[in-house]
Amino acid sequence: MRFGKLFAAGVAVALVATPAMAGFSLMAKGKQAVIATSTLSVTPGIDWNKLGKKPGRNAEAWTLDGSSLNDLVFYAGIMPGQTLFKAINKKDKPLPTLSATMLPPDIAQLFESSYRIANATSLYSTDSIEPATFAGHAGFHFTYSFTVQDEEVRRKGEATGAIVGGKLYMITYEAPEILYFGRNEADYQAVVSSAALK
């Protein structure tokens with residue numbers, strides 16, 4: 001299953017809390033978690049479930065109720081020349097790569113371009129971009145919305161991160177606009193606020 005269908009697809013699981021799903025591991029409330037064996041760590045304010053399948057190199061994904069319902073994706077030390085997540089079709093649909101000199105609008109564009117390719121959709125918009133602090137470093141925050149091709153569920157998302165030492169560290173959160181996004185947005189923001197880099 002390609003990244004877009006796994007992490008940004010329509011509702012594909014029952015709309016119930018599933019704390020102990022196969023292939024998931026508990027990320028316990030109040031316990032520091034090191035992300036993707038990197039120098040990035042966070043301390044969640046509530047219990048989350050980490051997906052067993054990684055979206056890409058130096059990345060991992062968490063959810064509360066199931067993939068595509070409320071997703072956190074961590075990009076932990078993406079290096080220049082690397083893509084944000086696994087390539088779908090390197091030859092015909094190559095994903096854009098990171099440059100260490102990218103400014104916040106460039107990062108938002110990198111993310112947008114990657115999503116448009118991964119989800120084969122033109123129904124994506126970057127809604128806002130602003131400065132932010134991430135793990136004590138000057139960074140960025142942007143919001144976005146999209147609808148996966150052939151589906152009607154509109155999703156909202158936000159991303160916070162920074163380029164530190166030439167590497168990109170970023171945490172994104174996305175969920176269906178109706179019910180799920182607003183319900184857990186504050187939980188995402190708490191994870192971001194807890195982020196630390198060694």
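In this predicted model, a useful place to begin is Phe74, which, leaving aside residues up to four places away in sequence, touches Ile35, Val42, Asn58, Ala59, Glu60, Trp62, Met170, Ile171 and Val191. Phe74 also belongs to the largest nonpolar core, a group of 27 residues in which Ile35, Val42, Trp62, Leu72, Phe74, Phe134 and Ile171 touch the most other members. Two or more residues of this core come from each of the strands β3 (40–42), β6 (71–78), β9 (154–164) and β10 (167–176), and likewise from the helix α3 (180–194). Of these elements, α3 gives the most, contributing 5 residues. Apart from this core there is a second, separate one of 25 residues, and among its members are Tyr75, Leu110, Ala118 and Phe142.

Two of those members, Leu110 and Ala118, lead on to helix α2, where both are listed among the buried residues. This helix runs over residues 104–119, and its 16 residues reach 22 Å from the first C-alpha to the last, which is close to the 22 Å expected at 1.5 Å a residue. Besides Leu110 and Ala118, the buried residues of α2 are Ile107, Ala108, Phe111, Glu112, Ser114, Tyr115 and Asn119. Just after the helix, Ala120 takes a positive phi of about 50°.

A positive phi is found in two loops as well. Thr37, which is not a glycine, has a positive phi of about 50°, and this residue lies in the loop between β2 (33–34) and β3. Thr37 counts as exposed because its relative accessibility is 79%, where the cut-off for exposed is over 50%. Asn58, again not a glycine, has a positive phi of about 60° and sits in the loop between β4 (48–51) and β5 (59–63). With a relative accessibility of 25%, Asn58 counts as partly exposed, and it is also one of the residues that Phe74 touches.

The last feature to consider is open space. Rolling a probe the size of a water molecule over the atoms reveals where empty space is left. In this model the largest pocket holds about 220 Å³ of space, and its lining is made up of Gly56, Arg57, Gln82, Thr83, Leu84, Phe85, Lys86, Ala87, Lys90, Pro94 and Leu95. Sorted by character, the lining residues divide into 5 nonpolar, 3 polar and 3 charged.

Technical notes. Residues numbered from 1 in each chain as written. Predicted model: local features only at pLDDT ≥ 70, side-chain atom pairs only at ≥ 80, totals over all residues. Heavy atoms only, no water. Core = buried A, V, L, I, M, F, W, Y, C linked by side-chain atoms within 4.5 Å. Buried < 20%, exposed > 50% of the residue type's maximum accessible area, 1.4 Å probe, protein only. Helix = DSSP H or I, 4+ residues; strand = E, 2+ residues; numbered from the N terminus. Contact = heavy atoms within 4.5 Å. Expected span 1.5 Å × (residues − 1). 1 Å grid on protein atoms, 1.4 Å probe; cavity = no way out; pocket = protein on both sides within 12 Å on 5 of 7 lines; lining within 4 Å. Points joined across faces, edges and corners; volume = space filled by probe spheres on them. Nonpolar A, V, L, I, M, F, W, Y, C, P; charged D, E, K, R; others polar.
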